[in-house]
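Welcome! Please work through the exercises below with the structure open beside you, and try each task before you read its solution.

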Amino acid sequence: VQLQASGGGLVQPGGSLRLSCAASGRIFSINNMGWYRQAPGKQRELVAVVTSTGSTNLADSVKGRFTISRDNAKNTVYLQMNSLKPDDTAVYYCNANIRRTDSFNEYEYWGQGTLVTVSS
């Protein structure tokens with residue numbers, strides 16, 4: 001099982017970006033999917049999470065600006081980021097709790113990270 005993230009880049013303050021993360025491999029089911037971020041010199045923090053039924057939870061710092069969604073048919077989670085601020089600069093990691101076809105257990109998987117830089 002792999003998570004492949006994409007969509008990062010350089011954007012000016014006030015701009016928008018959309019991150020995508022696709023899960024692939026021997027997937028039986030996916031529970032929660034989410035995004036974390038880690039800014040230079042800081043700990044990794046939760047940005048947003050979406051459950052298998054579509055319920056979402058976002059960090060206070062991004063509420064009203066970011067939206068998380070998923071396409072279960074494509075095993076993909078998205079993070080729409082609007083009104084970006086310099087403080088949003090970080091490496092963004094996708095995360096998912098996945099049950100493989102060869103196991104009854106659920107495991108946590110991480111994507112490789114995609115850099116988002118908000119700067120003028």
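## Exercise 1: Rings

The structure holds one aromatic pair, where rings of Phe, Tyr and Trp (its six-membered ring) pair if their centres lie within 6.5 Å. This is a predicted model, in which local features need pLDDT of at least 70 and side-chain atom pairs count only at pLDDT 80 or more, while totals for chains, interfaces and linings use all residues. Residues are numbered from 1 along each chain as its sequence is written, and side-chain values use heavy atoms, with hydrogens and water left out.

**Task.** Find the ring that has R18 over its face, then do likewise for R44.

**Solution.** Begin with the rule: a charge sits over a ring if NZ of Lys or CZ of Arg is within 6 Å of the ring centre and within 35 degrees of the ring normal. R18 lies over the face of Y78, 4.1 Å from the ring centre. Next, R44 lies over the face of Y93, at 3.8 Å from the ring centre.

## Exercise 2: D88

**Task.** Locate D88 and decide whether D88 is buried or exposed.

**Solution.** First, place the residue: D88 is in the loop between β8 (76-81) and β9 (90-100); strands (E, at least two residues) are DSSP runs, numbered from the N terminus. Second, check the relative accessible area of D88, which is 1%, so D88 is buried (buried means under 20%, exposed over 50%, partly exposed in between, with a 1.4 Å probe and protein chains only). Third, list the contacts, meaning heavy atoms within 4.5 Å: not counting residues up to four places away in sequence, D88 touches R37, R65, F66, S83, V116 and V118. Finally, a polar atom of the D88 side chain lies 2.8 Å from the backbone nitrogen of K85.

## Exercise 3: C94

**Task.** In which strand is C94 found, and is C94 buried or exposed?

**Solution.** C94 is found in strand β9. With a relative accessible area of 0%, C94 is buried. Leaving out residues up to four places away in sequence, its contacts include C21, W35 and W110.

## Exercise 4: A sheet

**Task.** Which strands stand at the edges of the open sheet of four strands?

**Solution.** Write down the order, β1-β3-β8-β7, with antiparallel pairing (two strands pair if DSSP finds at least two bridges between them). β1 (2-6) and β7 (66-71) stand at the edges, each with a single partner strand, so one side of each is left without a neighbour in the sheet. Now look at one pairing: six bridges join β7 to β8, and F66 stands opposite M81 in β8.

Technical notes. Phe/Tyr/Trp six-rings, centres within 6.5 Å; stacked < 30°, edge-to-face > 60°. Polar contact = N/O pair within 3.5 Å; in protein donor to acceptor, adjacent residues only side chain to side chain.
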